[in-house]
Amino acid sequence: MGEVSEDAVGRHRELVAQVRAHDRAYYVLDAPTVSDREYDRLFAELKSLEQAHPGLVTPESPTQRVGAQPREGVVKAEHPVPMYSLDNSYDLGALEEFDRRVRERLGDGETPVYVAEPKIDGASLEVIYRDGLLAAAITRGDGVMGEDATANARTIRGLPLSIPEKREVILRGEVFIHGADLEAVNVVRRGAGEEPFANPRNAASGALRLLDPALTAARKLRISLYDLVYTESGAPPYFATHSDMLKGLQDWGLPTHGLEQRCETLAGVYRYLDDFESKRSGLPYPTDGVVLKVDALSQRQELGFTARFPRWAIAYKFAAEQATTRLLAITGDVGRTGALTPVAELQPVALAGTTVARASLHNVDYIAAKDIRVGDTVVVQKAGEIIPQVMRVVLDQRPPESVAWTVPTECPSCKAAVVREEGEAALRCPNGRCPGRLRAALFHFTRRTAMDVDHLGKVLIDQLVAAGLVQDLADVFALPSKRDAVLGLERMAEKSVDNLLASVERSRTERTFAQLLTGLGIPLVGASAAKLIAGLYPDLPALLGQDLGELEEKLAEVHGIGAKMASSMVAFLGDPQERAMLERMIALGLTSQEDTSAGAAGEGPLVGQSFCVTGTLSQPRPVIHEKIRAAGGEVHDRVKKGTTFLVAGENTGKSKKDKAESYGTKVIDEPLFRAMLAE
């Protein structure tokens, strides 16, 4: 450390410890121990000391939380262990059904003990420590691929830059903002002429995606860690239960919510729900329910996962908050398929952390069934805490001058005569070149789950369509040649345009074929089917070169696609306008990257074979499942007729092996399984 004096070294160590302790007291315990002025004085002294003696600076120093330069763009990152969603429930009956399924799968008289804990309404984040240092952070994304948020995560003062555990650990948590901190951010935004954030969740999620960590730091993000999903030696060896794990994370200095409770019966769970619901309005951060988890980690291993959810956990959502307001008018939105959605224009009202001025009315039949009229007082709530919708009319407050809604005969965007197919609830605009349909299609095409064009939101899409700069999806890739015209749009400065065009270029060259197929919005073809089709054809030219009759036969035979989806795909590719658009994308240089998240259909060393995985292995079960699928194999959640292999790790029960024998399923150990993968 050169000529640094022992006094300087000692004072540096002392200041680092003090600042860390104050950060934890303020951001984790919500119990500040010094004034803001005193904290700033200590931090300034630490910073000055390190400037005078650069050799004192270490990666875990509090001064290094905002040390990164702004990024050029968003960087994708793959989760080492897939991030599953949680199954949701909205009534106690669903919890009882969950408990029944758990007990049935455990069998042999095993009794689960549950842990109930708050469901914080924020942004999910994966955090990775290596050699005791914060090494990486990845946003949830689609659960397999997220975004690198490491530099932004380092600005979260409640998240330690170092922990005592030196082996690699992968943790999951929820990033959020206190209501008071959000209001302070919104005061600054209003003063700068910017739109305030509608709710804490949006502010937290957006902060993790900012390209400049210094801007993220200004949001005062916090994090609550709720799971340890991986260590270098496989499944977490430190703890036997989830509740012990939460205590262990606290011992490592990591922030947790601290509001969990073990419940040995459903009656205990119900008491927790009642107690927490009465208290949650007093919490400084937003919550929308309670998560119920099986406590014993060994039982979790036994229960496993479905394709989307863990079988050992479920989220119980509290009843949505409702508000009463006046319906001022009924207008219409047109979607990418041409469906017209009636929209209630409301007298603005505060609801679940946002100001609501518009709400969905679903369709013509919904309005008629509820006798909703302009001028009515209506009850509004958010479906899934996100989408505002009108629930009912307050009939005893209906004014004499209320007006029944007249069903529209023309599209609100292009004025084409609307149609209603027999048996359908929706009115539709039949005009394939309708500007409203185009705007909705562009929004779908450019989302993160599809072609992921950053900096292209609804307002800018509206401007591009209105100016005639984008007339179909292919025109997105032509925007770099129209830079001057884009620069001439309202509120578009040089940097904004450059960021947009750089994102367009990444979308043109870095997305997978499955992402393109998802973004095209082909009826019945969602993300899962898109991956299956992309496993058969490597790119767009290969798909367009296939005879349509042969294509339909080929797709119809694929498990997970079927005849209806195949017919829809062929109809889309057979439409002259759609085909011309796709060919123009190719002419504009569209290329597809290989999808490394899963093996191509019909390829790999495990094609034609199925596997059930049980017991304790060297890696978490979801990782093993992904390897099987990537190698072309099929995963069975339990041994059944047709299961080829049972991969049996340590502590595999005799009943599983007996069942495998009865079905003619071969039992193999992990080394043999890895040999089959050629690892």
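Helices (H or I, at least four residues) and strands (E, at least two) are DSSP runs, numbered from the N terminus.

This is a predicted model, in which local features need pLDDT of at least 70, side-chain atom pairs count only at pLDDT 80 or more, and totals for chains, interfaces and linings use all residues. Residues are numbered from 1 along each chain as its sequence is written, and side-chain values use heavy atoms, with hydrogens and water left out.

**View 1. Glutamate 38 and arginine 41 form a salt bridge within helix H2.**
A salt bridge is a side-chain nitrogen of Lys or Arg within 4 Å of a carboxyl oxygen of Asp or Glu. Here the N to O distance is 2.8 Å. Helix H2 spans residues 36-52 and holds both partners. They sit 3 residues apart, about one turn of the helix. Glutamate 38 has a relative accessibility of 27%, so it counts as partly exposed (buried means under 20% relative accessible area, exposed over 50%, partly exposed in between, with a 1.4 Å probe and protein chains only). Arginine 41 is partly exposed too, at 43%. Both residues belong to a network of salt bridges, which links Arg11, Glu14, Glu38, Arg41 and Glu45. A search of the whole structure finds 39 salt bridges.

**View 2. Strand E4 pairs with strand E7 on residues that include glutamate 126 and arginine 172.**
Strand E4 covers residues 123-130. It is mostly covered, with 6 of its 8 residues buried. Two strands pair if DSSP finds at least two bridges between them. E4 and E7 (residues 169-176) share 7 bridges and pair in the antiparallel sense. In this pairing, glutamate 126 stands opposite arginine 172. The two residues also form a salt bridge, with the closest N and O atoms 2.6 Å apart. Glutamate 126 lies in strand E4 and arginine 172 in strand E7, so the pair ties together parts that are 46 residues apart in sequence. Are the two residues buried or exposed? Glutamate 126 is buried at 0% relative accessibility, and arginine 172 is buried at 7%.

**View 3. A hairpin joins E4 to strand E5.**
Strand E5 runs over residues 133-139 and pairs with E4 in the antiparallel sense. The pairing has 6 bridges. One facing pair is tyrosine 129 and leucine 134, the latter in E5. Between the two strands lie 2 residues. In the turn, aspartate 131 has a positive phi of about 55°. In a regular strand the side chains alternate between the two faces of the sheet.

**View 4. Strand E10 pairs with E3 and with E11.**
Strand E10 spans residues 287-294. How many of its residues are buried? The count is 8 of 8. Strand E3 (residues 114-120) joins E10 through 7 bridges, and the two run antiparallel. Tyrosine 114 stands opposite valine 294 in E10. Strand E11 (residues 313-317) also runs antiparallel to E10, joined by 5 bridges. Here valine 290 has tyrosine 316 in E11 as its bridge partner.

**View 5. Arginine 262 and aspartate 295 meet in a salt bridge.**
The N to O distance is 2.9 Å. The pair links distant parts of the chain, 33 residues apart. Arginine 262 lies in strand E9 (residues 261-263). Aspartate 295 lies in the loop between E10 and helix H10 (297-303). Arginine 262 is partly exposed, with a relative accessible area of 43%. Aspartate 295 is buried, at 2%.

**View 6. An open sheet of 4 parallel strands.**
The strand order is E21-E20-E22-E23. Which strands stand at the edges? They are E21 (634-635) and E23 (666-668). Each has a single partner strand, so one side of each is left without a neighbour in the sheet. Strand E20 (residues 610-614) runs parallel to strand E22 (residues 645-648). Their pairing has 4 bridges. Threonine 614 stands opposite alanine 648, which lies in E22.
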